[in-house]
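User: Please take a close look at the aromatic rings in this model. How do they pair up, and which parts of the chain do they link?

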Amino acid sequence: MNNLTASILVTGDLVPIDKAEQILISGEYEKAFGNFLPEIQSCDLAVTNFETAATCNGEAIKKWGPNLRVNPEVLPALVKAGFDLFALANNHSRDWGNEAFIETMTHIENAGGKYVGGGRNLAGALEPYRCELNGIKVTVFNATMHQPCCALADRPGANPLVPARLAAQIADEKGRADFILVSIHDGKEQNPFVSRRIRENYRGFIDAGANAVISHHPHIAQGYENYKNGFIAYSLGNFYFPSRKPAEAPGFWYRGFAVKLDIAPGKVLKAQIIPHKLDPETQCLALMAGEELAAFEERIDKQNKILANDDLCDFYFGALSARSAYPYYHKMISTDVDYLAHATETEEHVDSISAAAMFITDGKEYPADLDYFASRD
């Protein structure tokens, strides 16, 4: 049993729109993923956050933010590229309604893939994915912050994150699984720092028995840490997600990292960070190299050092929230009742508003290197 090993690759947000959609529909997955492709195909399980509906049908649901969808014909190429498991617990998988969500699940299965974090109702969405990799029994849980794509008792959708419930599921699963991976869609968009709520949640999932927690949603890379006997990556950034508004897209939109986990029963043997970038013109992926790779790794290292100190992490998260997010929240909440409902339902916004208010109330000085971390280049 102790000699058993396997590998799992986890990527961030995958939304193949525009040229990327056409590349995949034509079956050119080698072109799409470039020299990153061997990373997908060399692992025993490749997991990606499929942050869109796969449909040409449906009606856009009422929500704050864009309604995303791609042609289902992209899925065969994604499966041929090596993706095995598509995470559906996110804030775009139900963008085109109930039937389109069910259609998405069906298209994934018809292409030869599997999904997790979504279901025809809440009971289905709560179900984890279970498989055996080289004799290791692996369970994958997938959940998302609350928003309109979440499932209800009688409605299809994504698995809503209820931390106590998920921790109980993890603890119960320890009797069945040799390795537990938790994939979460949460965190403040475009903020390179991690809120206290998220740090406490993810560490709590490790305490409950998870071996690794890997997260996405902020569209920007955040730090990672070894916590007790587990590994946590707080945000991978985007994976394969061309911007809908290229002229306005920040540089970090096109940079992120995947995580390759070498595992054995009950532990992560090694967590490898694999930085990648997307060419905004060709919409093809590539591994980072040279000075770009060095700069990315230096930035992540600085984020990790902040992450290692809870008070310091709160300070940076509050400072950036106060400077960039708070003025927007103040304006929107006071003028748009729909946004007020969105902000109070979705945990990432509550995190930012409360952290910003605390920072402002305490009268703290902004950290001298905030511009470095807040850069959109």
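Analyst: Start with the term. Two rings of Phe, Tyr or Trp count as a pair if their centres lie within 6.5 Å. The model is predicted. Across the whole structure, a search finds 23 aromatic pairs.

Take Phe 33 and Phe 83. Their rings form an edge-to-face pair. The centres are 5.9 Å apart, and the planes meet at 70°. Planes over 60 degrees apart count as edge-to-face, so 70° earns that label. This pair links distant parts of the chain. Phe 33 belongs to helix α2, residues 29–33. Phe 83 sits in the loop between α4 (75–81) and β5 (85–87). The two residues are 50 apart in the chain.

Are these rings buried or exposed? Phe 33 has a relative accessible area of 0%, so Phe 33 is buried. Phe 83 is buried too, at 1%.

Phe 33 has another partner, Tyr 240. Here the pair is tilted, with 5.1 Å between centres and 55° between planes. Tyr 240 lies in strand β15, residues 238–240, while Phe 33 lies in helix α2, so the pair ties together parts 207 residues apart in sequence. Tyr 240 counts as buried because its relative accessibility is 0%.

Now move to a cluster. Ring pairs join Phe 193, Phe 315, Tyr 316, Phe 359, Tyr 366, Tyr 372 and Phe 373. Tyr 372 also has charges over its ring. The charged end of Arg 299 sits 5.6 Å from the ring centre. For the charged end of Lys 302, the distance to that centre is 4.4 Å.

Technical notes
Residues numbered from 1 in each chain as written. Predicted model: local features only at pLDDT ≥ 70, side-chain atom pairs only at ≥ 80, totals over all residues. Heavy atoms only, no water. Phe/Tyr/Trp six-rings, centres within 6.5 Å; stacked < 30°, edge-to-face > 60°. Helix = DSSP H or I, 4+ residues; strand = E, 2+ residues; numbered from the N terminus. Buried < 20%, exposed > 50% of the residue type's maximum accessible area, 1.4 Å probe, protein only. Lys NZ or Arg CZ within 6 Å of the ring centre and 35° of its normal.
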